[in-house]
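Let's take a friendly walk through the places where the parts of this model meet. Keep the structure in view as you read.

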Number of protein chains: 2
Amino acid sequence: MSLPHPNLDQISLANVLSVLGDQTRLAIVGYLACNEGLAVSCGQFSEFGSKTNLSYHLAKLREAGITHTEVAGTSRLISLRRADLDSRFPGLLDSIITAAQELPALERLRDEA
Amino acid sequence: MSLPHPNLDQISLANVLSVLGDQTRLAIVGYLACNEGLAVSCGQFSEFGSKTNLSYHLAKLREAGITHTEVAGTSRLISLRRADLDSRFPGLLDSIITAAQELPALERLRDEA
DNA sequence: TCCTTAGTTCAAAATATGTTGAACTATTGA
DNA sequence: TCAATAGTTCAACATATTTTGAACTAAGGA
């Protein structure tokens, strides 16, 4: 099963930027970037907000075309739409991810590990 | 004379992205990028909104550290803080400017010329 | 079957953002 | 000095976004 995702030409620059212009969502994207290839589910973002709130932010990321969400039983497997974003906006995601690594929320997470 | 501008370490990624996550401001930045080196004043953005509204958007860009505004008589000379942004967020501005060139507002402006 | 786990949906409230017109300041040119 | 030009500020309004808790669905495991 699969949730609605925009296709390439429906992904708009202004929308991507405004969705990423938020600490919580930037932290989520930074975390996803550090864990590419691994299966990441909503629960892993619990440091970043309440369950309800994360559901809201994750929907925004998906609807903007930034993440892909796959339904797997009671969980959702979330990943970056890296290839899609790279082809639509070359270099954008890389520069954002690099800059996002110094975000307090992500540094805190790394310190704990 | 000079208006208040944030210094390098006061420029935050989330703020820059959220300020650029708006059609009008993206168009302004795209225009500035096409006219680097030239003196650009507020009046030149009149296609993008009313005088009052532009004053608001230009203040947001300045306060986020994206533009520099220099007071010159009754005008303001506006420019991108390219070097500052490049050093703080390498590659970010370039990728945004490249992607912003296909924005309707900017294409319209080029068609008229 | 019953309970737990994972996440969603909804409506309400709080907060932030964008847009407007009227009144304003400051500089410049006649 | 006077009027015009360039842009700002303010308050008001409209709209959008974020956050919350309570109630929900749907899948698994005991």
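## Where the chains meet

A:R88 and B:E102 form a salt bridge, with their closest N and O atoms 3.7 Å apart. Keep in mind that this is a predicted model. Between chain A and chain B, the count is 2 salt bridges. Polar contacts tell another story: across this interface the rule finds 0 residue pairs, taking pairs with both residues at pLDDT 80 or more.

On the side of chain A that touches chain B, the elements giving two or more residues are α1 (13–20), α2 (23–34) and α5 (92–100). That side of chain A has 11 nonpolar, 5 polar and 3 charged residues.

How many residues does the contact take from each chain? Chain A gives 19 residues and chain B gives 19 residues. About 1,400 Å² is buried between the two chains, and carbon and sulfur atoms give 74% of that area. In chain A, the residues losing the most area to chain B are A:L13, A:A14 and A:L17, together 33% of what that side buries.

## Where the DNA sits

There are 19 residues around DNA strand C, and A:K51, A:S55, B:T52, B:Y56 and B:H57 come nearest. By class, this surface has 2 nonpolar, 12 polar and 5 charged residues. α3(B) gives the most to it, with 5 residues.

Of the strand's atoms within 4 Å of the protein, 55% belong to sugar or phosphate and the rest to bases. Here are some polar contacts with the strand:

| Protein atom | Atom of DNA strand C | Distance |
|---|---|---|
| A:G43, polar backbone atom | phosphate oxygen | 3.0 Å |
| A:T74, side-chain N or O atom | sugar or linking oxygen | 3.3 Å |
| B:Y56, polar side-chain atom | phosphate oxygen | 2.7 Å |

Conventions. Residues numbered from 1 in each chain as written. Chains lettered and ligands numbered in written order. Predicted model: local features only at pLDDT ≥ 70, side-chain atom pairs only at ≥ 80, totals over all residues. Heavy atoms only, no water. Near = heavy atom within 4 Å. Polar contact = N/O pair within 3.5 Å; in protein donor to acceptor, adjacent residues only side chain to side chain. Helix = DSSP H or I, 4+ residues; strand = E, 2+ residues; numbered from the N terminus. Nonpolar A, V, L, I, M, F, W, Y, C, P; charged D, E, K, R; others polar. Contact = heavy atoms within 4.5 Å. Buried area = accessible area lost by both parts, 1.4 Å probe. Salt bridge = Lys/Arg side-chain N within 4 Å of Asp/Glu carboxyl O.
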